[in-house]
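Dear colleague,

I am passing on the structure we spoke about, with a short account of what I found in it. Please have it open beside you as you read.

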Amino acid sequence: MPPIPATIDRRSDGTLVTVEFTSSVLADNPLGDPITRRFPVWLPPQYDHGQGEGKTRGKPRRFPVLYSLAGFFSSGLAHTDWRPFEENIAERVARLVRDRKMGPVIVVFPDCFTALGGNQYINSSAIGRYADYLTRELIPWIDREFHTLPAREHRGCFGKSSGGYGALLHAMKYPRFWGAVASHAGDAYFEFCYLPGWPGTLTELSRYRRPPRLDGVEAPPAPLAAAARGIDDGRVKRFLAAMRATPRLSFDEGHALMNLAMAASYDPDPSAPNGFRLPFDLDTGELLPERWRCWQRHDPARLISRYHEALRSLRGLYLDCGWRDQYHMHYGTRILARELTAHGIPHHYEAFDGTHSGIDHRLDVSLPWLYKALKS
């Protein structure tokens with residue numbers, strides 16, 4: 001199916017085309033999320049005017065392609081939306097190309113939003129097959145419909161936070177699709193970036209406990225059988241229903257939803273309520289080692305040795321993180337850089353004075369770096 005432009009925004013510094021794509025991979029996804037998605041594709045000014053050289057003389061010029069993986073609670077459309085006092089990502093790429101900080105590229109902004117607020121760009125029976133959606137559907141479709149250089153050596157992805165995690169995991173597990181990746185504050189070292197937020201999540205979920213907690217003396221929770229630990233007793237289901245019905249999430253509700261989405265990503269179980277298990281006893285807050293081990297199998301900080309050959313095959317691997325990141329991602333990024341060095345895997349690592357927020361300015365460093373790795 002050819003791209004169906006919803007809008008075409010032509011400017012002297014590039015063209016933003018919004019297209020629609022209907023997925024077969026996401027059909028019957030467990031959350032009932034849309035299978036037809038609208039998302040932007042940015043084309044450089046040279047796209048309609050250039051011609052190839054040598055053997056491709058007389059044919060349309062082809063370009064490296066980058067995929068922008070949105071962070072949690074975001075999507076591709078948000079990356080090209082108007083922003084106060086700063087550039088969106090498409091405008092930033094246009095400036096970098098215009099100022100010759102990098103050469104012309106095509107940038108794809110996929111929509112991978114879900115009813116849980118996002119995903120980690122991996123396949124999950126509780127969320128959907130978003131790794132397959134990107135690699136088996138979007139990549140070949142984009143290569144057919146746009147003038148890309150349709151080879152792994154000229155294709156890269158980048159992202160922040162969950163998007164950075166997706167870039168790292170795809171570099172490890174799907175290297176035949178990606179030649180270079182950049183991760184800004186990507187989720188890693190789960191003990192620091194996820195565990196600290198779970199006490200607040202458990203407290204938020206306790207509002208949906210039945211029977212509810214009352215003032216006064218509280219009876220101690222009954223012990224659960226080992227097989228039932230990590231199983232929703234109904235409060236998670238009631239919480240998710242309430243979140244679907246509310247027009248706005250509070251800070252605590254948003255973080256609780258995000259933590260549940262991580263559980264659905266890292267410990268899916270079709271036989272469990274809601275399709276996933278939880279890493280804590282919902283009443284006592286005890287960490288469940290058998291469940292936590294399922295999360296650890298997805299932690300990039302623990303996967304370098306397993307995927308060292310795939311990572312070594314990349315043409316470029318970029319990591320950075322602010323050393324005041326409020327989700328403590330800088331510790332996981334340091335572990336990644338150390339393990340990459342220990343395994344002799346070429347990479348570029350930078351730490352900077354910043355937090356987890358407002359760091360799109362780092363794209364001024366990573367995008368030219370990615371272009372250089374992918375252009376030849």
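Lys237, Arg244 and Ala245 are the exposed residues carried by the face of helix 6 that is turned away from its buried side; please bear in mind throughout that this is a predicted model. Helix 6 runs over residues 235-245, and its buried residues are Arg235, Val236, Phe239, Leu240 and Met243. Viewed down the helix axis, these buried residues fall within an arc of 135 degrees, and therefore they line one face of helix 6. The general background is that an α-helix has 3.6 residues a turn, so residues three or four places apart point the same way. As for what lies against that side, the buried residues of helix 6 pack against helix 5 (198-206) and helix 7 (251-266).

A second point concerns Ala167, which lies in helix 3, residues 162-173. Ala167 counts as buried because its relative accessible area is 0%, the cut-off for buried being under 20%. If its neighbours within four places in sequence are left aside, Ala167 is in contact with Leu69, Cys157, Val181 and Ala182. Ala90, by comparison, is 77 residues from Ala167 in sequence, and the two are 19 Å apart in space, C-alpha to C-alpha.

Finally, on the surface, Phe73, Phe113 and Leu249 make a nonpolar patch of about 240 Å². Of these residues, Phe73 is placed in the loop between strand 4 (65-69) and helix 1 (89-98), and with a relative accessible area of 38% Phe73 is partly exposed.

With best wishes

Notes:
Residues are numbered from 1 along each chain as its sequence is written. This is a predicted model: local features need pLDDT of at least 70, side-chain atom pairs count only at pLDDT 80 or more; totals for chains, interfaces and linings use all residues. Side-chain values use heavy atoms; hydrogens and water are left out. Helices (H or I, at least four residues) and strands (E, at least two) are DSSP runs, numbered from the N terminus. Buried means under 20% relative accessible area, exposed over 50%, partly exposed in between (1.4 Å probe, protein chains only). Contact means heavy atoms within 4.5 Å. Patches are made of residues with over 30% relative accessible area and no salt bridge: like charges are joined within 9 Å, nonpolar side chains (Val, Leu, Ile, Met, Phe, Trp, Tyr) within 5 Å. Accessible areas come from the Shrake-Rupley method with a 1.4 Å probe; for residues, only the protein chains shown count as cover. A salt bridge is a side-chain nitrogen of Lys or Arg within 4 Å of a carboxyl oxygen of Asp or Glu. The arc is that of the directions from the helix axis to the C-beta atoms.
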